[in-house]
Amino acid sequence: MEQRPIRKEGQKQSARPAARPNGKRPAKRPPARKQTPPPRPKPKPLTPEQKQRRAEMLRRKQARARRARKRFALSLLVFLTFYILLSAIVFAIFFISFHNVAGNDALYAVSIKQTEKRSVLYAADEVNLDYGLYVPVSALETLHDLTLTGDDTSRTIAIRETGDTLACTDGSSLVFINGTPVRLGAPVVFKNGDCYLPAEAVTGYMRLFSSTYDDESRQLVIALADETEGYTLKSQTPEPPVEYPEIESSGTTSGE
């Protein structure tokens, strides 16, 4: 029998494994071999008919792609053309509308008709101020001898034949015709040493002048009235003053 060594107390047992029988180590296993997939079969060569069909299919596919690109390009061109045309039309409509509305009170000039063949024209940009169409008193003085007195804040226009007066203040729409207060649709403006009256004051309250709007020439034509009309001023107008053309679209009153 094999005798085992006697372990004494306090003696640690060795961690060394017991000897194999016959003192031989077990043989190592050979590494597992990798399994290679079986080789794929080589594709069979195409026949001339198959090659022709494949080439024909490829040509058709390329032709469809070209047609699709052409259709897309044509659609994009039509869309851009329509968009640009529509934008131009909308812009033109807005521009014309804005120009007509914003420039209505700048369309008319003032023409002082001295004789049948002689007139003095005041350009639209000169007689259209912030509040509308105006007539300078200096222009009226070329038709009739008026007396203008006052200072830089208030002035009085007088007619020598009758003694009628029109008193006004710079920046105020309240005037006094022969002492009677009259409210105009726009204020009187003193500018460059001249007194600018709203067109309403001339067309509605000064009987010594005849006023008409000429739509063809875009002018307010002012001439000296017949002697039968009289040279007095009207403190109360029996009829509305001559209205400014296109008053509804411009949103202004007849004095603007």
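**Salt bridges and a nonpolar surface patch**

In this predicted model, Glu56 counts as partly exposed, because its relative accessibility is 31%, a value that falls between the 20% limit for buried and the 50% limit for exposed. Arg59 lands in the partly exposed class too, at 46% relative accessibility. The side chains of Glu56 and Arg59 meet in a salt bridge, with N and O 2.4 Å apart. Both residues sit in helix H1, three residues apart, and that spacing is about one turn of the helix.

Arg59 and Glu56 aren't a lone couple, either: salt bridges with shared partners tie Glu56, Arg59 and Arg60 into one network. Overall, the count of salt bridges in the model comes to four.

Another of these contacts pairs Lys113 with Glu116, and here the closest N and O atoms are 3.6 Å apart. That still makes the cut, because a salt bridge needs a side-chain nitrogen of Lys or Arg within 4 Å of a carboxyl oxygen of Asp or Glu. As for exposure, Lys113 has a relative accessible area of 28%, so Lys113 is partly exposed. Glu116, on the other hand, reaches 69% relative accessibility and therefore counts as exposed.

Next up is the salt bridge between the side chains of Asp145 and Arg160, with an N to O distance of 2.9 Å. This pair links distant parts of the chain, its two members being 15 residues apart. Asp145 belongs to the loop that runs between helix H3 (137–140) and strand E5 (146–150), while Arg160 belongs to the loop between strand E6 (154–159) and strand E7 (165–169). Asp145 is partly exposed, because its relative accessibility is 43%. Arg160 has a relative accessible area of 58%, so Arg160 gets the label exposed.

Charged pairs aren't the whole story, and helix H1 comes up again here. Leu80 has its place in this helix, which covers residues 48–102. With a relative accessible area of 40%, Leu80 is partly exposed, and that value matters for what follows, because patches are made of residues with over 30% relative accessible area and no salt bridge. Leu80 is indeed part of a nonpolar patch on the surface, along with Phe72, Leu76, Phe79, Tyr83 and Ile84. Together, these six side-by-side names, Phe72, Leu76, Phe79, Leu80, Tyr83 and Ile84, account for about 670 Å² of accessible area.

Notes:
Residues are numbered from 1 along each chain as its sequence is written. This is a predicted model: local features need pLDDT of at least 70, side-chain atom pairs count only at pLDDT 80 or more; totals for chains, interfaces and linings use all residues. Side-chain values use heavy atoms; hydrogens and water are left out. Patches are made of residues with over 30% relative accessible area and no salt bridge: like charges are joined within 9 Å, nonpolar side chains (Val, Leu, Ile, Met, Phe, Trp, Tyr) within 5 Å. Accessible areas come from the Shrake-Rupley method with a 1.4 Å probe; for residues, only the protein chains shown count as cover. Helices (H or I, at least four residues) and strands (E, at least two) are DSSP runs, numbered from the N terminus. Buried means under 20% relative accessible area, exposed over 50%, partly exposed in between (1.4 Å probe, protein chains only).
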